[in-house]
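Got the model open in your viewer? Let's walk through it one selection at a time.

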Amino acid sequence: MSEITVDVDGTPRRLTVDTRTTLLDALRERLGVTSPKKGCDHGQCGACTVLSGERRVLSCLVLAVTQDGARVVTAEGVAARGQHADGPDAEEERGGLHPVQQAFIDCDAFQCGYCTPGQVVSAVGMLDEFERGWPSAVTEGARPPRLDHAEVAERMSGNLCRCAAYVNIVPAVQQAAAAHGSTAHGPATPVAAAPGTEAPR
Ligand code: FES
Ligand code: FES
């Protein structure tokens, strides 16, 4: 057993964990933070994605003991993290939402409650990665010039949905990138949801 302290969504949390406990189980079972979802528990679906030290991690593959002293952000905490991203007035207009969350609403990109939290966190993380100039597998050259469809799709490819209803996520990420002041993006035109795949109301 190990005693650890983890900052979760801005609140320091202290707990004693078995060294075999994953970060996902520590968050959900020990701390009651249930926005990271256990979709596969094998690092294959992205539903458990959180930020740790600004980087995207699959919390089902990370041992909680490795997060001692870390700053973890879940889908519940990205709103606070996005405050003042484009000015306090804009923040107030959004009702406290992160630009990515607002873009998911505007573009009807919300899917089910299982995969959406991971997608939102992953989008927040990938926009930061893009701003830092990190290339992806489809980037031509050393630095990605723009967040076109191929760049966004590749950078979000770790977040799966078995329902195949992804169509509006790319426009949402591109809209969030524009709100965030990213250098380039493609058209943010929402696509109509496929029958039976409407976002939860
Ligand atoms: S639950 Fe972690 S990747 Fe699926
Ligand atoms: S898994 Fe969430 S909508 Fe498909």
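Start by selecting helix α5, residues 116-131: α5 lies across β3, β4 and β5, and runs at about 40 degrees to β3. One thing to keep in mind while you click around is that this is a predicted model.

Now show the strands underneath. What is the strand order in the open sheet? Reading across, you get β2-β1-β5-β3-β4, five strands with mixed pairing. Colour β2 (11-17) and β4 (55-58) next, since these stand at the edges: each has a single partner strand, so one side of each is left without a neighbour in the sheet. Tilt the view and you can follow the twist, which averages 40 degrees from one strand to the next.

Zoom in on β1 and β2. They run antiparallel and are joined by seven bridges. Pick I4 and you'll find its bridge partner, L15, in β2. Then go to the turn: the hairpin has two residues between the strands, and D9 takes a positive phi near 55 degrees there.

Over to the other partner of β1. Select residues 2-8 together with 71-73, and you have β1 and β5 pairing in the parallel sense, over two bridges. One residue to click here is D7, whose bridge partner in β5 is R71.

Before leaving this part of the sheet, bring up helix α1, residues 23-30. This helix lies across β1, β2, β3 (49-52) and β5, and its direction makes about 105 degrees with β2.

Time for the side chains. As a rule, nonpolar side chains in soluble globular proteins tend to be buried together. Which residues have the most contacts inside the largest nonpolar core? Select V100, F104, L127, L147 and V173; the core they belong to has 25 residues. Helices α4 (99-106), α5 and α7 (169-180) each supply at least two of its residues, and the largest share, seven residues, comes from α5. Apart from this core lies another one of 14 residues, including I4, L15, L27 and V50, so keep I4 and L15 highlighted from the β1-β2 stop, where they were bridge partners.

Back to the largest core, and centre on F104. Is F104 buried or exposed? It is buried, at a relative accessible area of 0%. Leaving out residues up to four places away in sequence, F104 touches A109, F110, Q119, V120, A123, I169, A172 and V173.

Stay there and add the ring of F110. The structure holds one aromatic pair, and this is the one: the ring centres of F104 and F110 are 5.8 Å apart with planes at 70 degrees, so the pair is edge-to-face. Unlike buried F104, F110 is partly exposed, with a relative accessible area of 27%.

Next, jump to Y166, in the loop between α6 (149-155) and α7. Y166 is partly exposed, at 32% relative accessible area. Draw a C-alpha to C-alpha distance from Y166 to A109: these residues are 57 apart in sequence but 7.5 Å apart in space. Aside from neighbours within four places in sequence, the contacts of Y166 are Q111, N159, L160 and C161.

For the last stop, select R132 and W134. R132 lies over the face of W134, 4.8 Å from the ring centre.

How values were computed:
Residues are numbered from 1 along each chain as its sequence is written. Chains are lettered from A and ligands numbered from 1 in the order in which they are written. This is a predicted model: local features need pLDDT of at least 70, side-chain atom pairs count only at pLDDT 80 or more; totals for chains, interfaces and linings use all residues. Side-chain values use heavy atoms; hydrogens and water are left out. Two strands pair if DSSP finds at least two bridges between them. Helices (H or I, at least four residues) and strands (E, at least two) are DSSP runs, numbered from the N terminus. Axes are lines fitted to C-alpha atoms, for helices over the stretch in contact, and angles run from 0 to 180 degrees between N-to-C directions. Contact means heavy atoms within 4.5 Å. A nonpolar core is a set of buried Ala, Val, Leu, Ile, Met, Phe, Trp, Tyr and Cys residues joined through side-chain atoms within 4.5 Å. Buried means under 20% relative accessible area, exposed over 50%, partly exposed in between (1.4 Å probe, protein chains only). Rings of Phe, Tyr and Trp (its six-membered ring) pair if their centres lie within 6.5 Å; planes under 30 degrees apart count as stacked, over 60 as edge-to-face and the rest as tilted. A charge sits over a ring if NZ of Lys or CZ of Arg is within 6 Å of the ring centre and within 35 degrees of the ring normal.
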